[in-house]
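Student: Please take one part of this model and go through it closely. I would like to know what it pairs with and how it sits in the rest of the chain.

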Amino acid sequence: MSSSIAWLDSRRQLCIGDHLAQAHHPALSIPWGSWSEADEEELHSWPTWSPGGRRVASFRVARARGTGCHVRVTENDGVSAAEVAELDGRLPIYLQWHPAGREISMLTQAGDTLRLDRASVDELGPTTTRLSGSLLFFEQTRDHLVAFVGEERGPRLAVVDRDGLRHDLAGPPGNFCAPVVLGDEVIYVVTSGPTQPARLLASNIHGGAPRELAEVSGLAALVGCPARRRLAYSIDPDGTGKSYRGVRILDPVDGSDEAVSDLPVVAFVWSSQGDALIVAERTEVGTIKWHHVGLDGFSRELVELLPTRDLRFYLRFFEQFASSHSLVDASGDHLLVAGGVLGRDDPGGTPRIWRVGLHDQEVDELTDGTFAVYSPRTGS
């Protein structure tokens, strides 16, 4: 069976359906705790599938005074849902499931500070704050939280275990965003001083002396491929993140480091099998050209799109979203994008969800919507 899809329609209502965006159940748009019609004042953002594809978590914002923002978990049939956390006036930013599928990590903003909380899905209760800082990018394993966090004493690469015990990995973090965990190693960037180049390191998650993998000059973007224990990375020499120069693939075990693309890119993600990269290039007119780049360097343009605001935000922070919000289906055959496709009618009009073939020329319009993600497994 094909991957399921969770998406936000043009009214920002959460929808869940099959690979062609045919809704599983009409109750998908029913607000939690009510069997009335969907409330136009209820908005959803950042749907993300649980690891087994059984549930979808999303932020739910009700505009009515006093109702605030919650984290909602919806079963994949759309019949039942529960609110697992209230954000107490904080701004919703990002959601990530724990690999075991029983907890959700919530990144929110209050003033100038980001806060990372944890909420249980099956045993409802108060949330637990794990970290806070002026910046906060993170990844999770079953036993550890790994986070690049900005604190009063400076930025740190923190590792927190299930009991809340913390240790920091070696070196002050440098110019990058989300750390990458491959097996027992954490890959990140450190800086040694204003006159010395930053270094890409691999450190055991439990600490100890790190290994140097490469020198870095500029802002680094890192995306790991757990299936093949490989790292895709790119550098923006200007340090702005507006455009990275090409993409390289590094093997942390044997040290091989090869360029697979010289495109000026704004984002890249791995295919489901780790046999290719899906690369986003911003054009001078503000559209995004998507490319399929094989590990041999062969590149093929897929589609040119005027992206929605949600998709633009995803691309801006793609290193964080890549492992939790999949734009590529489990079979590795299709890409999901939201916006207006150039060459189709009214690309700047009502935003649409598009299914783009990665191995053919098909670009299929599925439904109206502002953002969409695939479930992580076939048959879910």
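Tutor: Two strands pair if DSSP finds at least two bridges between them, a strand being a DSSP run of E of at least two residues, numbered from the N terminus. The model is predicted, so local features need pLDDT of at least 70 and side-chain atom pairs pLDDT 80 or more, while totals for chains, interfaces and linings use all residues. Residues are numbered from 1 along each chain, and side-chain values use heavy atoms, without hydrogens or water.

The part to look at is strand β28, which runs over residues 352-357. Five of its six residues are buried (under 20% relative accessible area with a 1.4 Å probe, protein chains only), so β28 is largely enclosed by the rest of the structure.

β28 has two partners to describe. One is strand β27, residues 334-341, which pairs with β28 in the antiparallel sense over six bridges. Within that pairing, L336 stands opposite R355 of β28. The other partner is strand β29, residues 363-368; β28 and β29 pair in the antiparallel sense too, over five bridges. There V356 faces V363 of β29. β28 and β29 form a hairpin, with five residues between the two strands.

The wider setting can be read from the nonpolar cores (buried Ala, Val, Leu, Ile, Met, Phe, Trp, Tyr and Cys joined through side-chain atoms within 4.5 Å). The largest core has 76 residues, and those with the most contacts inside it include L335, along with V71, I104, L136, F268, W290 and Y314. L335 falls within the 334-341 span of β27, the strand that pairs with β28 over six bridges.

I104 shows the surroundings of one such core residue. Leaving aside neighbours within four places in sequence, I104 is in contact (heavy atoms within 4.5 Å) with A57, V71, V73, V84, L95, Q96, W97, D117, R118, A119 and V121. V71 appears there and also among the residues with the most contacts inside the largest core. A second, separate core of 28 residues includes V146, L182, V190 and L200.

For contrast with β28, take P264 in strand β22, residues 257-265. P264 is partly exposed (between 20% and 50%), with a relative accessible area of 40%. Apart from neighbours within four places in sequence, P264 is in contact with S243, Y244, E281 and R282. V247 is 17 residues from P264 in sequence and 8.8 Å away in space, C-alpha to C-alpha.

Conventions. Helix = DSSP H or I, 4+ residues; strand = E, 2+ residues; numbered from the N terminus.
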